[in-house]
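Please look through the sequence and the model shown here before reading on. The paragraphs after it are meant to be read with the structure open alongside.

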Amino acid sequence: MWTDAPAIVLSCPVTLRRHHAAVLPISQLALPQCLLGAEAQLQAFVAAAPAPRLFFAPLPEMFCHARSLAPVWDATGASAAGPAPVHLRFGAVRAVRVMRAARNHVVLAEGRPAPVVTPSRHPFASGAVVPHAVERLFTWDAAALLPTRFGGGAVPATVLPDDMVAADLGGAATRDGLDLVSLRAFSAAAFAAGEVGEDSADLRAAGGAAPFVLVPWNLAHPGSIVPRLVQRLLHVQQAAAPVVRLVLLPFNECGQIGEVDGLVRLIRKHVADAEAGLAGVFVGRVRRLGALPRLRARAPVAWLDVHDPEHDWSTRRLRACGFEPVALPADETLTIHIETGFGLLSFATGMPSLRALRALLEQLPTVARAAVRPRGKAGRARGA
Amino acid sequence: MVRKPVPDPAAAFARTGATIYFDLSPLHEAHWTGIPVVAAGLAGALLAGLPEQTRFFLGYDLVETDAVADALRRNTGLFLDRAIQQGHAVAGRLPLTRGAGKRVGFFPSVKPLRRAFDIELSVFHDLSTLTLPQMHLPGNVVYHADSMLADLASNDLTVTVSEATRADLIAYLGVDPARVVAAPNGVRWPDWYAAEAANLGGPAGSEPYVLILGTREPRKNILKIFEMLERFPALLEGRRFVFAGKMGWLADLHALPASLEAEVARGRILFTGFVDEVTKYALLRHAEATLYPSIFEGFGLPVLESLSVGTPCVASWSSAIPEAGGAVCEYFDPLDAVDLHRAIMALAARRPPAEACRQHAAGFTWEAALGLILGSLMKEESVLF
């Protein structure tokens, strides 16, 4: 692929302060987590297409003038006179960026459109268009509904091979690489700064019968039901005798980790016995894939928001990592109105009613038992 | 088809019998920084080059040309705004009937009116609200995004202040390249600033200082300077670091680290807050060098302002900044504190002559910017006029 390209520059939305050069060899890239979202997709792509010419640019939109492109040429060995490098963008459609003097391609895991209604005139508010200069889309799913080019017209698309979802799995287990902290003890600043680990009083106290369930939280999707799900559960669950402990897995994080603090504030304001409830909900992050067995041992089942635009990719990824993904029922329809940087967005979505939640909890032991049964090589064996 | 440049665009424009109506929206603020400075520069160039063909308006009111000229002399919109509010400077309403010649609406920023004139052009200063929304307040992003497409759709010509912003409009929004022209900003100081600056000392007595000019907001990337000073504290022994500019938004993203608080207490790091234009000029003149680490700029006017007074600049190479800084700036990777330190040391070792800085800046004038805009309009003369 791209045999004439002097370099392939990858990018995805990132928290800028974590990066200390405008372009760096892919071997030097350290992303905050690697289980879900753009970070995982990028890592899987790198594993599937290893090449000495792979680089990462935290802010590709910065390159423009010959003077700013010079570091790209220096780092990659390309030149202004030669063939253009390829820029591969990962992440949400709304966050696609263009790198000047490159062939701009987008790797897209948003396989289903979030049904957004918006009065905003922000050019990219709908999440259904990519910048005009995007030349090609790569999708993980042949059935994915693809965005069009801004100004009209389809963008040529290529479907990526099935096994690419799991291309980076299969390494040895490691002792570290997992962060797990209760909402009560959570600090966005500490979480953003680096390793948090999994040794906390709330975690140690969280023994007993209540199982842990993973809940991926796509921070690039403003219409996520996860904050509402957590609040609903805490409203009905007795903190002293919980029936389930959620482990929120934020992904596609680009400076919005403060949303977790926002959720904590909401819970403190609206939920009775909030502190005890917060102690029983956790925020997790897989920094290294070697930590997957430990996470799997604690929480083999994941509940997924079916309206999340990355639902399909997350499902495939979690299954490949040996988890049992379960689609959250969406029998209670609702519209989420939310002010964002794209203006007011309204998402038609759905979440589990209390009745559906009850049924889900009743099924949990059976699902968890199924999850821990050995599977074929596409399942739990990989990544263990 | 390559169209030939128009030799004297102002004269060619005058021959069309058209009139330019210039929107004063950015100029009724008291303090002019950023976009108001650009608007004032272009308004001044119009008054100098096409006085008979230029009218000014705010909202639906025409504004007396003398009042605008007075504001440009004073370098503030304070009195202009008051005079308009009180009705002294109002010269009638925007015409509702057809005139003898075409009317050209010239909007130096977001258009408060659209399709009010026969021909319309507006200036896009940057697309950072689109490409870097995380560094702006959501309300500001929405304000710009809300008008962006409507402004483009109603423009006969779109003006950008740099090739970088022009390229962004084409790459992101598919704007027809033939309908967007880059007209780089100019720089000009009132004549009396030099004498005033001679009487104003620097903020640090006779001690050398590095000046960092601009509103403190995340895009300006002053966090990278803090990071560099933490890693290379010796830099603070030879010179002070002076941050001039008002506190902007999202302060938690560019807060001074606790490790540098002692340096503020020692006076090695100074924060002046907002400074008026003449003080800014004096600070620029007396500085050893300026530092401009911005993550993303539509142009980078402070770089040009620094060079125009002969003060060299260490600047980020991001986006449009090298267009403003040319070959006389020392550039660095805005994400790399070590590279920033290298650039400062390189400048100290190879300081460009003040005259070379001034000469570079002299190539950027508001008249040249206006000439490019009018030249582009006149290329379309047969269609537009």
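What follows turns to the interface between the chains, then to salt bridges, and then to cavities.

The model is a predicted one, and a natural place to begin is the boundary between chain B and chain A. Here 40 residues of chain B are in contact with 33 residues of chain A, and the area buried between the two chains comes to about 2900 Å², with carbon and sulfur atoms giving 64% of that area. Y172(B), W317(B) and L335(B) together supply 26% of the area that chain B buries against chain A, which is more than any other three residues supply. The size of an interface is often expressed in this way, as the accessible area lost when the parts come together.

Polar pairing also runs across this boundary, where 11 residue pairs, with both members at pLDDT 80 or more, are in polar contact between chain B and chain A. On the side of chain B that touches chain A, the elements that give two or more residues are α5 (128-131), α6 (138-154), α7 (163-173), α9 (222-231) and α14 (321-325) of chain B. Of the elements on that side, α6(B) gives the most, with 8 residues. Sorted by class, the side of chain B that touches chain A has 26 nonpolar, 5 polar and 9 charged residues.

Side chains of opposite charge can pair when their charged atoms come close. Over all chains the structure holds 38 salt bridges, and 2 salt bridges are found across the interface of chain B and chain A. In one salt bridge, D146(B) pairs with R121(A), and the closest N and O atoms are 3.4 Å apart. Because D146(B) lies in helix α6 of chain B, while R121(A) lies in the loop between β6 (116-117) and β7 (129-130) of chain A, this pair joins two chains.

The remaining topic is enclosed space. The structure holds 8 cavities of 30 Å³ or more, and about 100 Å³ of space lies in the largest cavity. The residues that line the largest cavity include T15(A), R18(A), E39(A), F191(A), E253(A) and R285(A). By class, the lining of the largest cavity divides into 5 nonpolar, 2 polar and 4 charged residues.

Notes: Residues numbered from 1 in each chain as written. Chains lettered and ligands numbered in written order. Predicted model: local features only at pLDDT ≥ 70, side-chain atom pairs only at ≥ 80, totals over all residues. Heavy atoms only, no water. Contact = heavy atoms within 4.5 Å. Buried area = accessible area lost by both parts, 1.4 Å probe. Salt bridge = Lys/Arg side-chain N within 4 Å of Asp/Glu carboxyl O. Polar contact = N/O pair within 3.5 Å; in protein donor to acceptor, adjacent residues only side chain to side chain. Helix = DSSP H or I, 4+ residues; strand = E, 2+ residues; numbered from the N terminus. Nonpolar A, V, L, I, M, F, W, Y, C, P; charged D, E, K, R; others polar. 1 Å grid on protein atoms, 1.4 Å probe; cavity = no way out; pocket = protein on both sides within 12 Å on 5 of 7 lines; lining within 4 Å. Points joined across faces, edges and corners; volume = space filled by probe spheres on them.
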